[in-house]
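Visitor: Please give me a close look at one part of this model, beginning with its nonpolar surface and then following the strands and charged pairs.

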Amino acid sequence: MFSKWIYKIGQQFRNPSLEREYQFLKETEKWSLAQLEAHQLKQLQKMVSFAYLYSPYYKRKFDALGIQPSAIKRLQDIAKLPVLTKQDVITFNAEIHTRYPFKKQFKANTSGSSGAALNYLREEETDSFNRAVIQRGYSWFGVHPSDRNGYFWGFNFSFFQKIKTRILDTLQNRFRLFSYQKKEVKGFIHKLQKATYIQGYSSMIYETAKQINQQQLPKPKQLKLVKGTSEKIFDSYQDEVVKAFGQKMISEYGAAETGIIAFECPKGNMHITMEGVLVEEIDNEIIVTNLKLKSFPFIRYKLGDYIALDKTNKICKCGLSHQILNEVTGRVGSSIYGKKEMYPSLYLYYIFKNLAKKHHLKLNYQVVQKEKGKLEFFVVEKLSDKELQLLENEICSYFKADIDYTIAQNIKNKDFTQKKKSFISLY
Ligand SMILES: [Zn+2]
């Protein structure tokens, strides 16, 4: 109870608009698709007008194309507007920021896929809206964000960061996994007994589920929600997760720049947050407009993911009419293209992991794709005929005949084009 009380006070201080946004979102849950789209159009018109009025960048861009905000009469008219890339966000950062006196803003920063940092300001209402979207998603599972929760996030903590993080976690009624050390994992799993939900990197949730199953550790009994974020949730994860946690891992899809784009409902469909974003799918790629963020408008933003929107107007049994996102297929530039199919670059990780696990063959490698249907493998070690055969078998088991490949061995590590990168796509 105490933790909930602290949570509430923190929330009112940091996000005074949260409660109002949440109430609104609980209301729009009942809306029809037509109502949602009408609302989207209004929000889009407002956003485009605002950007034109207060952002020198959008003013310049729209003027150059001869577009007035009044040109947006239907949702489809968004196609008339220019696309915004990550590079634009970095290059024109100051110019994109709107000249408007917001009451309260937060600094936001995130790193692009290239590793370059994107920085911008985010006003309080938008931050609150995003938290409200998450809170609504939780409500579908009978969970409140302030319930006891286990958290899986990055590991890079200095001693003092660790202390600070622990204090902040306690205030938010959560605990986290700080490392994969056996003792740490065991302690974490013990704490899960009292958790209502867990969230974080899907690969870490999967690893923890595997530990529970393999070591036959006590399974958490009170979990209502297992939420994976930030990484693709592979189907292969779900068996272990269901076995350990009694339910599948659901997915929350979003980015710092866009807010939560979609949240999976209890019936297993990812519903687009139509109140906050407008999503287009162009050449399998997501183009997303943030309908809320005014201090730094992201209009037609190329987020860098491949997606598949549902185009059949599938009706979901959960009762929501919100658009459905069938799948986030992968990061642009990190997928492998076969002659016919597309594969996650994670397959390479599995190929080499299998070699290490099954045959104790640990290799340092880099794989490059320059053209469709072809991969070039570079391996530091010198391989015996038998080892070469093992590698070829693994490659074939994942890509069959859909990919031609070459293997160059005895390569010097320093000759790798980009250090530390196991896969480079130049295609
Ligand atoms: Zn649903």
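**From a surface patch to a covered strand**

Guide: On the surface, F159, F160, I163, I167, L168 and L171 form a nonpolar patch whose accessible area together is about 630 Å². The model under discussion is a predicted one. One member of the patch, I167, lies in helix α8, which spans residues 159-171. I167 counts as exposed because its relative accessible area is 51%, and the class of exposed residues begins over 50%.

Strand β6 offers the opposite picture. This strand covers residues 225-229, and five of its five residues are buried. The cover extends to both faces of β6: L225, K227 and T229 are buried on one side, and V226 and G228 are buried on the other.

The pairing of β6 with its two partner strands can be described in turn. Strand β5, residues 197-201, runs parallel to β6 and is joined to it by five bridges. Within this pairing, I198 has V226 of β6 as its bridge partner. Between β5 and β6 the chain passes through helix α10, residues 202-214, in a β-α-β crossover that is right-handed. The other partner is strand β7, residues 250-255, which pairs with β6 in the parallel sense over two bridges. Here G228 stands opposite S251 of β7. A right-handed β-α-β unit is made by β6, helix α11 (residues 235-245) and β7.

These two strands are also connected through charged side chains. E252 and K227 form a salt bridge in which the closest N and O atoms are 2.5 Å apart. This pair links distant parts of the chain, with E252 in strand β7 and K227 in strand β6, 25 residues apart. Both partners, E252 and K227, are buried. K227 thus appears twice in this account: as a buried residue on one side of β6, and as the partner of E252 in the salt bridge.

It is instructive to place this pair among the other charged contacts. Side chains of opposite charge can pair when their charged atoms come close. The structure holds 23 salt bridges. Another of them joins R174 and D169, with an N to O distance of 2.8 Å. D169 counts as buried because its relative accessibility is 3%, which is under the 20% limit. R174 is likewise buried, since its relative accessible area is 17%.

A salt bridge in other surroundings is that of K30 with E27, whose closest N and O atoms are 3.5 Å apart. K30 counts as exposed because its relative accessibility is 63%. E27, with a relative accessible area of 43%, is partly exposed. Salt bridges may also join into a network, as they do for R20, E21 and K292.

Beyond strand β7, the chain enters a loop that leads to β8 (259-264), and E257 is found in this loop. E257 is buried, for its relative accessible area is 3%. The C-alpha atoms of E257 and V279 are separated by 13 Å, while the two residues are 22 residues apart along the chain.

Two loop residues deserve attention for their backbone angles. D283 is not a glycine, yet it has a positive phi of about 50°. This residue is found in the loop between β10 (277-282) and β11 (285-290). D283 counts as exposed because its relative accessible area is 67%. R300 also has a positive phi, near 55°, and is a residue other than glycine. The place of R300 is in the loop between β11 and β12 (301-309). In contrast to the exposed D283, R300 counts as buried because its relative accessibility is 5%.

Finally, the cysteines may be considered. The structure holds zero disulfides. C316 is buried, given a relative accessible area of 6%. C318 counts as partly exposed because its relative accessibility is 31%, which falls between the limits of 20% and 50%.

To return to the central element, β6 is a strand with five of its five residues buried, joined by five bridges to β5 and by two bridges to β7. Its residue K227 forms the salt bridge with E252.

Definitions and conventions:
Residues numbered from 1 in each chain as written. Predicted model: local features only at pLDDT ≥ 70, side-chain atom pairs only at ≥ 80, totals over all residues. Heavy atoms only, no water. Patch = residues over 30% accessible without salt bridge, like charges linked within 9 Å, V, L, I, M, F, W, Y side chains within 5 Å. Areas by Shrake-Rupley, 256 points an atom, 1.4 Å probe, with all protein chains shown as cover. Salt bridge = Lys/Arg side-chain N within 4 Å of Asp/Glu carboxyl O. Helix = DSSP H or I, 4+ residues; strand = E, 2+ residues; numbered from the N terminus. Buried < 20%, exposed > 50% of the residue type's maximum accessible area, 1.4 Å probe, protein only. Pairing = 2+ DSSP bridges. Right-handed = clockwise from strand over helix to strand, strands pointing away. Disulfide = S-S within 2.5 Å.
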